[in-house]
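I opened this one to go through the fold and then the charged side chains. Notes are in the order I looked things up.

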Amino acid sequence: SLPRFRLMLTLSRNAVRRCFLSRPCSGQARFAEYPTSHNLGKVRVQDTDLQGHVNNVHYYSFMDSGICHLYFSAGDSLDSHPRYIVQSSMRYFRSICFPDEVEVAFGVTKLGRTSVSYKAGIYTAANRTLCAEGRMIHVFVDRETKQPVSVPNVHRKRLEAIVMHEDLT
């Protein structure tokens with residue numbers, strides 16, 4: 001009904017105002033301290049909930065997309081060097097709202113024989129405000145057996161170039 005729609009619209013507008021006017025929280029690493037980043041573009045309307053901010057599950061997608069771009073930009077595909085996410089976590093500091101533009105900055109915190117640990121900051125691109133900080137571990141696997149395999153040499157050099165200093169992890 002029309003009154004219900006108006007109420008929902010008012011609640012959404014107020015939530016968006018709070019989101020844009022909220023004070024940013026600081027995180028452990030500033031944007032410039034991450035070795036690399038990838039701009040994911042603007043948030044889509046369908047990524048937001050009734051409160052007008054991006055649902056938490058999308059932050060994991062932002063982190064995964066930013067990190068996977070590193071591999072895709074090197075010509076990798078999803079099946080050429082399969083990897084599983086075996087662990088992930090996220091800390092939230094500030095809401096992201098439509099139509100914010102999202103940028104993911106990240107680095108490698110540990111490069112093992114078969115696995116890679118990452119730390120990522122999810123920022124609004126306009127003012128580089130830290131909205132969330134995540135961690136993720138990839139394990140490279142054999143396509144057929146699904147057993148762990150060594151990090152491919154084609155990626156190892158690239159990953160070594162974005163190792164973060166210990167005091168930022």
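What follows are my entries, from the sheet to the salt bridges.

**Entry 1: the sheet**

First reminder to myself: this is a predicted model. I began with the strand order. Five strands make an open sheet, ordered β1-β3-β4-β5-β2, with antiparallel pairing. That leaves β1 and β2 as the edge strands, each pairing on one side only. I also looked up the twist: neighbouring strands are turned by 25° against each other on average, ignoring direction.

I then checked one pair inside the sheet. β4 and β5 run antiparallel and are joined by ten bridges. For a register marker I noted Y118, whose bridge partner in β5 is M136.

**Entry 2: helix α2**

α2 packs on this sheet and touches β1, β2, β3, β4 and β5. Its direction makes about 130° with that of β2.

Is the helix length what it ought to be? Let me ask it properly: what should the 17 residues of α2 span at 1.5 Å a residue? The expected figure for residues 56–72 is 24 Å, and the end C-alpha atoms sit 25 Å apart, so the two agree.

Next I wanted to know which residues of α2 are buried. My list reads Y59, F62, M63, G66, I67, C68, L70 and Y71. In an α-helix, residues three or four places apart point the same way, because there are 3.6 residues a turn. I kept that in mind while reading the list. The cover over these buried α2 residues includes β1 (36–42), β2 (83–92), β3 (101–111), β4 (115–124) and β5 (129–140). Helix α3 (153–160) is also part of that cover.

**Entry 3: helix α3**

I looked at α3 separately. It lies across β3, β4 and β5, and it runs at about 105° to β3.

**Entry 4: S37 on β1**

I picked S37, which is found in strand β1. S37 has 32% relative accessibility, so it counts as partly exposed. Leaving out residues up to four places away in sequence, S37 touches F31, E103, V104 and A105. One of these, V104, is 67 residues away along the chain, yet the C-alpha atoms of S37 and V104 are separated by 5.4 Å. With E103 there is a side-chain to side-chain polar contact from S37, at 3.3 Å.

**Entry 5: backbone oddities**

I went through the backbone torsions next. F98 and P99 are joined by a cis peptide bond, with omega about 5°. P99 lies in the loop between β2 and β3.

Two non-glycine residues with positive phi went into the notebook. R128 has phi of about 50° and is found in the loop between β4 and β5. K146 has phi near 65° and lies in the loop between β5 and α3. K146 counts as partly exposed because its relative accessibility is 43%.

**Entry 6: salt bridges**

How many salt bridges does the structure hold? I get five. I wrote up three of the pairs.

R91 and E133 meet through their side chains at 3.2 Å, N to O. They link distant parts of the chain, with R91 in strand β2, E133 in strand β5, and their positions 42 residues apart. E133 counts as buried because its relative accessibility is 5%, under the 20% cut-off. R91 is at 40%, so it counts as partly exposed. This pair also belongs to a network: R91, K119 and E133 are linked by salt bridges.

R128 came up again here, in a salt bridge with E103 (3.5 Å, N to O). It too links distant parts of the chain: R128 is in the loop between β4 and β5, E103 is in strand β3, and they are 25 residues apart. Why does E103 count as buried? Its relative accessible area is 8%. R128 has 41% relative accessibility and so counts as partly exposed. I also cross-referenced Entry 4, where E103 makes the polar contact with S37.

The pair of E33 and R30 also forms a salt bridge, with the closest N and O atoms 3.6 Å apart. R30 is exposed at a relative accessible area of 60%, while E33 is partly exposed at 27%.

Notes. Residues numbered from 1 in each chain as written. Predicted model: local features only at pLDDT ≥ 70, side-chain atom pairs only at ≥ 80, totals over all residues. Heavy atoms only, no water. Helix = DSSP H or I, 4+ residues; strand = E, 2+ residues; numbered from the N terminus. Expected span 1.5 Å × (residues − 1). Buried < 20%, exposed > 50% of the residue type's maximum accessible area, 1.4 Å probe, protein only. Contact = heavy atoms within 4.5 Å. Pairing = 2+ DSSP bridges. Axes fitted to C-alpha atoms, helices over the stretch in contact; angles between N-to-C directions. Polar contact = N/O pair within 3.5 Å; in protein donor to acceptor, adjacent residues only side chain to side chain. Salt bridge = Lys/Arg side-chain N within 4 Å of Asp/Glu carboxyl O.
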